[in-house]
Amino acid sequence: MPEIKLSENTIQLIKNICAEFENKENELINVLHRVQGKLGYLPAEVQEVIAKELNIGVARVYGVVTFYSFFTMIPQGEFPISICMGTACYVRGAEQVLAEFKRQLNVDVGESTNDGKFSINCLRCVGACGLAPVVTVGGKVFGRVAPSQVKEIIAEYTQSNSADEAKSA
Amino acid sequence: MTVLKKQVRIALRNCGVIDPEQIEDAIACDAYFALGKCLTTYSPDEVISEIKTSGLRGRGGGGFPTGLKWEITKNVESDQKYVVCNADEGDPGAFMDRSILEGDPHSVLEAMAICGYCIGANTGLIYIRAEYPLAIQRLKIAIKQAEEYGLLGDDILGSGFDFKIEMRYGAGAFVCGEETALIHSMEGLRGEPTVKPPFPSVSGYLGKPTNVNNVETFANIPVIINKGAKWFSRIGTEKSKGTKVFALAGKINNVGLIEVPMGTTLREVVYEIGGGIVNGKKFKSVQTGGPSGGCLTKDFLDTPIDYDNLVAAGSMMGSGGMIVMDEDDCMVSIAKFYLEFTLEESCGKCNPCRIGNKRLHEILTKITEGNGTVEDIERLKELSDVIKDTSLCGLGQSSPNPVLSTIANFEDEYMAHVKEGKCPAGQCKSLLRYDIVEDLCTGCTLCFRNCPVGAITGERRLPHFIDQSLCIKCGVCFEKCKFDAITLT
Amino acid sequence: MTKIKSFDELRKIKAKIIKTSGEANSPNSLIKIKVGMATCGIASGAGEIMQVLVEECERQAIDVTIKQTGCLGYCYAEPMVEVQIPGAEPVVFGYVDKNRALEIIGKFILQRKPIEGVIPVSFKTINELN
Amino acid sequence: MDTINLTIDNKTIEVKKGTSILDAAAEVGIEIPTLCHMKLHDLNIENKPGGCRICVVEVEGRRNLAPACCTDAHDGMEISTHSLRVVNARRTVMELILSDHPFECLICAKSGNCDLQDMAHQLGIREVHYKGEQSHYRADTSPAIIREIDKCIMCRRCETMCNDVQTVGVLSAINRGFNSVVSPAFEMNLDHSECTYCGQCVAVCPTGALTEVDETGKVIRALADPTKTVVVQTAPAVRAALGEEFGLEPGTLVTGKLVAALRRLGFNHVFDTDFAADLTIMEEGTELLNRLNRFLSGDKDVKLPILTSCCPAWVKFFEHQFPDMKDIPSTARSPMQMFGAIAKTYFAEKLAVKREDLVVVSIMPCVAKKYERGRDEFKVNGNPDVDHVITTRELAALIKLSNIDFNALPNEEFDNPLGESSGAGVIFGTTGGVIEAAVRTAYEIQTKKELPRLDFDELRGMEGIREATIDFDGLPIKIGIAHGLGNARKLLEDIQAGKSEFHAIEIMSCPGGCIGGGGQPYHHGDASILKKRQMAIYREDSNKAIRKSHENPYIINLYKEFLGEPMSEKAHHLLHTQYFDRTEKVKI
């Protein structure tokens, strides 16, 4: 378990969120949503603070975090890639698109690349079934994605970033 | 151009018509009029009786009579009751509820208040997927605007009836569509279902009587009140009244959201509304009911769609996903796809679902990889029956449906996999083989240069070869070859 | 905003809203443009289309009301734009990109000439059903 | 209507409304097999997740099979508990469970005592038709409990005990679907958690997923080492339960055979923790009276109530959960640790054996004792006062391993000087016993009068929280008793809130006290066994010639020869301890 030291500010932030929900244990999921919204993920130390604030066992918090796929204990990549695996996308080839992303980035679902740039996740139906198969990168939606386009999509983000670096250099 | 109007928009009546973020737009379309009518003219019992007469059944999948559910909850004595709107739409390929919430949130808020009035609850909770940010935002705006107008809150329309609505968020668990799991999730617990009875109507959120209905069910309520139960019950079939919203997707031209009267046939949906199959391919099957449903063949194209006919045909209404498949879709793979889904979404509480679905999936994988036997198909059937018979909640009780219905309707495809080692749809990669026809290959090296794994070798201007042990069957060479020199068997 | 105190008051408010926004088909009211802005539409670029329509109408000083709306169900043809010219039936356009958006204003609205991409309405409303 | 009629396997019966199908069937002698379900009637503990699906039955007119444990019987129901459909389903579910379970029965710690194994046998499983991936997790070894959760079948009994009964909250189901399993937070080891090692999870686990750390090997090696003098002490609750391991009726007292067996195993001196329990009463009773008299004389600094401190799981519990109250419990060490301290000083001196060459082995009904003996404050220069702790179950294994025909053994007596005990020492083994023992001594010291009676029935029983007022010759002393840490929590929260009126509270972690300890023979869900053990303990007490700790001549002698008087400096050094704040501090 990697030990992350939380800053005083982070702890205060978590305490404030818990307090907003009156430190009620049945608000656990709402609290987790808010905290993940602020921090991006829910490392163990964060869960410990939440458990203490809501006066429940940390095992219960962990049990809830691991039950719901929306919660993550791993920091997301700078550009989180989500491949829709809804049925509409599946029958239109989402599996092949996912395989290509995994191959190109050499990471598995739920993992981030070593440079922290990309992470891959699957999700169920973003509601753009008319554009199946659909891939989202950050907030941007790519529709009707073919495996052959995967390289371009990744390049769009690696290049834009290296361009920024060039500028700042 | 004249188009036959096969669709009837009741639940979707205001979607695409009003600005969902302007309550005035909704009011112009009679929003909160049904609530007004109930509060001023009807007693709770009269409203419930009207809903019962309308014949409205739950649109979330089960098809339980809505009026009866309200009546049961009303009849339980308690100091506190709750109305819950189940907006945890989790079926892959279904987006009916999201469209309603994004297009006409007030229809749901109004109906929840009516329900509260009927059962004696003053608090409503909407349990919505966190994956629906736009719907959440619009609901929040709608609640705020309704409160500002006094259409939610204390003493609504001067009637003395108080009703407030709060939001609760799902966090990515399909099983939370099951009402006991949903309630546990709202209580900050793992979304594990519990054995019913007790039903939520008796003991639900925080142990209080709780009426849970789905978004589409609620969206129908104001129309029933405004237009009358008789008007509503004229639409549909004998036992399934009104309309049903479907998310039509898959290999169909007009992918989209449709609302059709109960009793419309699949043929009308697929060919008239859906515009037929993409690229003129052959229709193979329609999957309804999501991971709990089944696959219907062309033999059912003329079956009128309603709750009972779909069950009789080996599928179910479900929440309304409708996925069209063509000749390129392998039905064994489709069954496997749905199993993968249930496997991931099973809560793990009961053994048949936790372990049984895993074993089903393993057997299906074995078949799609060409290692299956005829006995495996029997095994699938036996295990499916036990999982259905013994699982704790609806998820496990219906999870083998895609397997059973594909075996029942497409046994020949299963047999082709296990007996001949062939996937008739050409989808199971392990059963595919790409070869280069020596005589046709010009040695242009295009396939060689495009192969992602270096499985193709050969000298320029001489025939190339595919190393089968390296080939990942991606099909790039097949697509790239300009001389049709690559065969797929 | 004042709270509505009775059902009667709600009825009056409805009448007032309809009056101010103009009867749908009265020839005197404004041209109305609706853009389908559900998740599906937004994912297909409805936001940009909205932008283009607003800017173009401002540029050409055309008096219209443009508003967002929910899903009409034609996901395959997103983004969707519905135009209602006073006195006429509303027309729904699908597959709207920037060019078609400009065409809707330049050709369909200003010149009242038919353009490509009309999606036939395939449903009845509750008021059509008796 | 209060009763309903139904038929089960063609037998018509009348039962009370609200009876489950499982209980209704039991009334006509039909035992529907269960796996996850567990109901400890007298203790008000029930685990009923309805998850294993072994107890499914066929109900006429119902679409699917019904779980008998959590389906109420209804009027007119026609139920079949062994139709082809039921048997087929039940066996298939069992095969599925086995398909995700290691086939290690031959070498599993739970072999012969495993509910899963029994069920597979009962259902006649001869082949597992479903094969596939099995779950694999890292094994976790803590000082007291081993978790091999490859063997977890998700019955959730441990969760019920840890969370609902004990309110320790260390365990939770984690993950989802096939990957779900019961685990501490972040899948860390138990020793990183707030686990008290009470062992109630071990006591109810139906498989080998949770077991105690086995120390029998170490004991065998110590016994075989000619350079060591090995002494053994046995806790009071052991003698009331050990017989069960050898087929004797629950509640059979086997004190004499126990002594004989230990002697045959090769222990040099067979002593009794009951002796140390008497010593505990001398110290704790004195401490109680000190605090009480200071309180009565108006001392505002004195803290009351005083809480007992013999239970190591309870000690760890308040160190984690109520560190602000760590000055309230008595500072007296547990009897086991007092014994160790006296054995390695007083007795070692008597034998003229070096501390390092004296090995103290404890036979305990408890797994937390394995943890307690390792606490740093109970070591001298790294040498622990107690070297090894084995449970009642481990002792039984050791006896069997050594080819001793337990039931044929004669009754023998404990050795002296650390083997003689009063009846007060014996009743330490049950809930309410420690405080009753304390009352017997404290009364006579305080009032300087002889007790008019020795049996305090008002302190006995199985209710989770009990209270009584004992008349100390005109001075009413209010006493509270809690067993089960959830019940203890309630009393502690009252104290925290300033609402407690008790002068003294006895707390035992395990339901029933030590007789229901995590190291006792498995009760397999039959709580009546605990009652029988409790009866045996009280029987042993009433059979004793001496029934008050301060009248134990060896105790009197120990003070005279060695300790001086209760709470003396020497007693303080050897017999008292301190507590620590164990709350996890989040790193900043």
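In this predicted model, strand β1 of chain B, residues 7–9, is joined to β5(C) by three bridges, and the two strands run parallel. Within this pairing, R9(B) lies opposite T125(C), a residue of β5(C).

The strand β5(C) also belongs to the wider contact between the two chains. That contact draws 45 residues from chain B and 32 residues from chain C. On the side of chain C that touches chain B, at least two residues each are supplied by α1 (7–21), β2 (64–69) and β5 (123–125) of chain C. The largest share of this side, seven residues, is contributed by α1(C). By residue class, the side of chain C that touches chain B comprises 17 nonpolar, 10 polar and five charged residues.

Chain B also contains an open sheet of five strands, arranged in the order β7-β6-β10-β8-β9 with mixed pairing. Its edge strands, each paired on one side only, are β7 (256–261) and β9 (294–296) of chain B. From one strand to the next, the twist averages 30 degrees. Within chain B, strand β6 (residues 243–250) pairs with strand β10 (residues 321–326) in the parallel sense, over four bridges. Here A247(B) stands opposite G321(B), which lies in β10(B).

In chain D, strand β16 covers residues 358–364 and is mostly covered, with seven of its seven residues buried. Both of its faces are covered: L358(D), V360(D), S362(D) and M364(D) are buried on one side, and V359(D), V361(D) and I363(D) are buried on the other. Strand β16(D) is joined by six bridges to strand β13 (residues 229–234) of chain D, and the two run parallel. In that pairing, T234(D) is set opposite I363(D) of β16(D). Four bridges join β16(D) to strand β19 (residues 388–391) of chain D, again in a parallel arrangement. There, S362(D) faces V389(D) of β19(D).

The parallel pairings described above are collected below.

| Strand pair | Bridges and sense |
|---|---|
| β1(B) and β5(C) | three bridges, parallel |
| β6(B) and β10(B) | four bridges, parallel |
| β13(D) and β16(D) | six bridges, parallel |
| β16(D) and β19(D) | four bridges, parallel |

For chain A, the domain assignment gives domain 1 (8–67) and domain 2 (79–168). The centres of domain 1 and domain 2 of chain A, taken over C-alpha atoms, are separated by 30 Å.

Terms used. Residues numbered from 1 in each chain as written. Chains lettered and ligands numbered in written order. Predicted model: local features only at pLDDT ≥ 70, side-chain atom pairs only at ≥ 80, totals over all residues. Contact = placed C-beta atoms within 7 Å. Nonpolar A, V, L, I, M, F, W, Y, C, P; charged D, E, K, R; others polar. Pairing = 2+ DSSP bridges. Axes fitted to C-alpha atoms, helices over the stretch in contact; angles between N-to-C directions. Domains from an automatic or database assignment. Buried ≥ 20, exposed ≤ 12 C-beta atoms within 10 Å, placed from the backbone.
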